[in-house]
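Here is a short report on how a protein and its DNA are arranged in one model. Please keep the coordinates open while reading.

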2 protein chains.
Amino acid sequence: MRMGEGVEWAAHACVLLSALPDGTGLPAAAIAAYHDVPPAYLAKHMQALARAGIVTSARGAAGGYRLARPPQEISLMQIADAVDGSEPAFRCTEIRQRGPCGAKPEECTKTCGIAAAFWAAERAYRRQLEGVSLAAIVASLTGRPDPGKFARVKAWLEQNANG
Amino acid sequence: MRMGEGVEWAAHACVLLSALPDGTGLPAAAIAAYHDVPPAYLAKHMQALARAGIVTSARGAAGGYRLARPPQEISLMQIADAVDGSEPAFRCTEIRQRGPCGAKPEECTKTCGIAAAFWAAERAYRRQLEGVSLAAIVASLTGRPDPGKFARVKAWLEQNANG
DNA sequence: TATATGCCGGATGAAAAATATCCGCAATGA
DNA sequence: TCATTGCGGATATTTTTCATCCGGCATATA
């Protein structure tokens, strides 16, 4: 079971956007350059974030992406859902209804116990990620003292942001 | 993010094996026939279960698979790990070290906050599945009254088991 | 010992999904 | 108008998953 790497890209992109000066936008190409990832492919993921309402996009000259809401109101779960989809990892194919001793559909009023157990575990996973906000992630990064790095990032943003 | 369907097959196979009469073995072909899944492919997953020590295999005539321990001591997590692998779903590619403002390796003593959050969620997922035993699954199935079905399964097993 | 059964592991192939790029279009500011 | 930028679809490439087959070995039974 593996998660698409686009989720990692999108999460880091949102962290970067959280440091973006107010009233400005950051083009997808700049976000890709900052992280050294394929521009065209990252653009796809940014579009997914926009469709999910996590970021807003502005077209045309001086356009770009910015966060749609404050970082406290964006969770990692929302980002993962937007990029990777929100379908459950475990798919029940109703094996119990197949084969020589298969159960009839009318006997299967309750969900299969195996599927129920896996889905419960996925709920635990989701509950955990829903509790992690972008703000918390940013806080964990800037928590350690590193003023020089912070200044460099700020300078890079001001150079590459539009607006 | 999706889980391989082999996990579902393996879980159902273990449930079936838990009803197997003592001292007998069930060939992979019989397990596949019972669930109406591809025999050669299911055999692969059964081999994975055997390598993980969840089932034991006996070769030759009158051989087959059986559970290696009582159902109370087998968890869904163990089955999923055996079949799907136990690598984490989220892979950190150390994006923070790339790009024009990338951090130097010596600055990255702590794991990336994003990776840490996803891995914490995966731990919650695992903890949940570790708490679900095969015995609990079986109990949830036989809990509702269905004596006829139970008898049919038993008869099928006695017809197809070896030993 | 001969034979049939059945697991083991590797090689191989087919299908699906993830990864990645490109292009035409629409929108927007200079 | 023109350069810039996001949007969506089409397409190509790579990787992973799904699935089968085969030779080899182990074991019970006759």
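The text below takes the two DNA strands in turn, then the hairpins, then a helix pair.

The model is predicted.

**DNA strand C**

Start with the surroundings of this strand. DNA strand C is surrounded by 24 residues. The closest are Pro38(A), Lys44(B), Ser57(B), Tyr65(B) and Asn162(B). Of the atoms of DNA strand C that come within 4 Å of the protein, 61% belong to sugar and phosphate. By class, the residues of this surface are 10 nonpolar, seven polar and seven charged.

Polar contacts reach both phosphate and base. The side chain of Tyr41(A) has an N or O atom 3.5 Å from a phosphate oxygen of DNA strand C. For Arg51(B), a side-chain N or O atom is 3.2 Å from a phosphate oxygen of the strand. Ala61(A) uses its backbone: a polar atom there is 3.2 Å from a base oxygen of DNA strand C.

Which elements give two or more residues to the surface near DNA strand C? From chain A come helix H1 (5–17) and helix H3 (39–51). From chain B come helix H3 (39–51), strand E1 (55–58) and strand E2 (64–67).

**DNA strand D**

Around DNA strand D there are 26 residues. Ala28(A), Lys44(A), Ser57(A), Tyr65(A) and Pro38(B) are the closest. Sugar and phosphate make up 61% of the atoms of DNA strand D that come within 4 Å of the protein. The residues of the surface near DNA strand D split into 12 nonpolar, seven polar and seven charged.

The polar contacts listed here go to bases. Gln47(A) places a polar side-chain atom 3.5 Å from a base nitrogen of DNA strand D. Ala61(A) has a backbone N or O atom 3.2 Å from a base oxygen of the strand. Ala61(B) also appears, with a polar backbone atom 3.3 Å from a base oxygen of DNA strand D.

Two or more residues each come from H3, E1 and E2 of chain A, and from helix H1 (5–17) and H3 of chain B.

The contacts of both strands are collected here.

| Residue | Protein atom | DNA atom | Distance |
|---|---|---|---|
| Tyr41(A) | side-chain N or O | phosphate oxygen, DNA strand C | 3.5 Å |
| Arg51(B) | side-chain N or O | phosphate oxygen, DNA strand C | 3.2 Å |
| Ala61(A) | polar backbone atom | base oxygen, DNA strand C | 3.2 Å |
| Gln47(A) | polar side-chain atom | base nitrogen, DNA strand D | 3.5 Å |
| Ala61(A) | backbone N or O | base oxygen, DNA strand D | 3.2 Å |
| Ala61(B) | polar backbone atom | base oxygen, DNA strand D | 3.3 Å |

**Hairpins**

In chain A, strands E1 (residues 55–58) and E2 (residues 64–67) run antiparallel and are joined by four bridges. Thr56(A) faces Arg66(A) of E2(A). The two strands form a hairpin, with five residues between them. Gly60(A), in the turn, has a positive phi of about 80°.

Now chain B. E1(B) and E2(B) are antiparallel and pair over four bridges. Ala58(B) stands opposite Gly64(B) of E2(B). Five residues separate the strands of this hairpin, and Gly60(B) in its turn has a positive phi of about 80°.

**Helices H1(A) and H3(A)**

How do these two helices cross? Their axes come within 10 Å, at an angle of roughly 70°. H1(A) is therefore roughly perpendicular to H3(A). H1(A) brings Gly6(A), Trp9(A), Ala10(A), Ala13(A), Cys14(A) and Leu17(A) to the contact. H3(A) brings Tyr41(A), Leu42(A), His45(A), Met46(A) and Leu49(A). Nine residues of this contact are nonpolar, two are polar and none is charged.

Methods
Residues are numbered from 1 along each chain as its sequence is written. Chains are lettered from A and ligands numbered from 1 in the order in which they are written. Side-chain values use heavy atoms; hydrogens and water are left out. A residue is near a molecule or strand if one of its heavy atoms lies within 4 Å of it. A polar contact is a pair of N or O atoms within 3.5 Å; within protein, one must be able to donate a hydrogen and the other to accept it, and residues adjacent in sequence count only if both atoms are side-chain atoms. Ala, Val, Leu, Ile, Met, Phe, Trp, Tyr, Cys and Pro count as nonpolar, Asp, Glu, Lys and Arg as charged, and the others, Gly among them, as polar. Two strands pair if DSSP finds at least two bridges between them. Axes are lines fitted to C-alpha atoms, for helices over the stretch in contact, and angles run from 0 to 180 degrees between N-to-C directions. Angles under 35 degrees count as roughly parallel, over 145 as roughly antiparallel, 65 to 115 as roughly perpendicular and the rest as oblique. Contact means heavy atoms within 4.5 Å.
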